Amino acid sequence: MSETNCPFCTIPPAAYAAEFEHFFVLRDLYPVSPGHSLIIPKRHMLDMFELTQEEFSSLHEVLAQTKQVLEAEFTPNGYNVGVNIGEVAGQSVMHLHIHLIPRFTGDIADPRGGIRWIIPEKAPYWDD
């Protein structure tokens with residue numbers, strides 16, 4: 001996917017929830033939970049392995065500041081941070097985006113295993 005037909009490359013800055021030097025933040029259009037946010041690099045790239053050292057270093061601050069906003073607005077009890085790299089891993093927009101997903105006590109019956117539930121038969125490792 002090129003920059004010209006990338007849905008993230010055509011989002012106007014007025015739609016950003018927040019903007020940083022190398023990244024912008026959007027609220028996910030199909031949120032897993034209230035406040036589910038996407039951290040997206042301004043530079044078009046496929047995945048996290050294309051970040052420069054400077055971009056990668058600044059990502060920490062972007063995550064921290066976005067978390068602060070979510071804490072104030074939603075008061076979550078935990079978070080999932082996720083990156084899908086490649087179609088087989090679930091990447092549906094071929095422009096890097098990092099999911100910051102607030103989690104709440106009771107949002108699922110048993111949260112143990114977290115992201116392991118991507119492959120359900122691998123998730124309940126505590127039963128082995």
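User: Starting with proline 41, is that residue buried or exposed?
Analyst: In this predicted model, proline 41 counts as buried, because its relative accessibility is 1% and the cut-off for buried is under 20%.

User: Which strand is proline 41 found in, and what does it touch?
Analyst: Proline 41 belongs to strand E3, and, leaving aside residues up to four places away in sequence, it touches His22, Phe23, Phe24, His95 and Leu96.

User: Which residue stands opposite proline 41?
Analyst: That is phenylalanine 23, which stands opposite proline 41 in E3. Along the same pair of strands, leucine 26 stands opposite leucine 38 in E3, and E2 and E3, the latter spanning residues 37-41, pair in the antiparallel sense over 5 bridges.

User: And how far is proline 41 from leucine 29?
Analyst: Their C-alpha atoms are separated by 17 Å, with the two residues 12 apart along the chain.

User: OK, zooming out, what is the strand order in the sheet?
Analyst: The sheet is open and has 5 strands in the order E1-E2-E3-E5-E4, with antiparallel pairing. Its edge strands are E1 and E4, each of which pairs on one side only.

User: How many bridges hold E1 and E2 together, and what joins them?
Analyst: Strand E1, residues 18-19, pairs with E2 in the antiparallel sense over 2 bridges, and a hairpin joins E1 to E2 through 3 residues. Within that pairing, alanine 18 has valine 25 as its bridge partner in E2.

User: How many residues of E2 are buried?
Analyst: The count is 4 of the 5 residues, so E2 is largely enclosed by the rest of the structure.

User: Switching to the inside, which residues make up the largest nonpolar core?
Analyst: There are 10 residues in the largest nonpolar core, namely Phe20, Phe23, Val25, Ile39, Met45, Leu51, Leu59, Val62, Leu96 and Ile98. Strand E2 (23-27) and helix H1 (53-74) each supply at least two residues of this core. As a general point, nonpolar side chains in soluble globular proteins tend to be buried together.

User: What's in the second core?
Analyst: The second core is separate and has 9 residues, including Ile11, Phe24, Ile40 and Val93.

User: Back to Leu96 for a moment, what does leucine 96 touch?
Analyst: Not counting residues up to four places away in sequence, leucine 96 touches Ile39, Ile40, Pro41, Met45, Leu46, Asp47, Met48, Leu51, Val83 and Gln91. Its contact with proline 41 also appears in the list for that residue.

User: How many aromatic pairs are there?
Analyst: The count comes to 1 aromatic pair. It is formed by tyrosine 16 and phenylalanine 24, whose ring centres are 4.1 Å apart and whose planes lie at 10 degrees, so the pair is stacked.

User: Are those two buried or exposed?
Analyst: Tyrosine 16 is buried, with a relative accessible area of 17%, and phenylalanine 24 is buried as well, with a relative accessible area of 2%. The cut-off for buried is under 20%.

User: Last topic, how much space lies in the largest pocket, and which residues are closest to its centre?
Analyst: About 500 Å³ of space lies in the largest pocket. It is lined by 20 residues, and the closest to the pocket centre are Val32, Asn80, Ile101, Ile115 and Ile118.

User: Which elements give two or more residues to that lining?
Analyst: Those are strand E4 (78-82) and strand E5 (98-103). In the order of the sheet, E5 and E4 come after E3, with E4 being one of the edge strands.

Notes. Residues are numbered from 1 along each chain as its sequence is written. This is a predicted model: local features need pLDDT of at least 70, side-chain atom pairs count only at pLDDT 80 or more; totals for chains, interfaces and linings use all residues. Side-chain values use heavy atoms; hydrogens and water are left out. A nonpolar core is a set of buried Ala, Val, Leu, Ile, Met, Phe, Trp, Tyr and Cys residues joined through side-chain atoms within 4.5 Å. Buried means under 20% relative accessible area, exposed over 50%, partly exposed in between (1.4 Å probe, protein chains only). Contact means heavy atoms within 4.5 Å. Rings of Phe, Tyr and Trp (its six-membered ring) pair if their centres lie within 6.5 Å; planes under 30 degrees apart count as stacked, over 60 as edge-to-face and the rest as tilted. Two strands pair if DSSP finds at least two bridges between them. On a 1 Å grid over the protein atoms alone, a cavity is a set of points where a 1.4 Å probe fits but cannot get out, and a pocket is an open set with protein on both sides within 12 Å along at least five of seven lines; lining residues have an atom within 4 Å of a point. Grid points are joined across faces, edges and corners, and a volume is the space filled by probe spheres set on the points.
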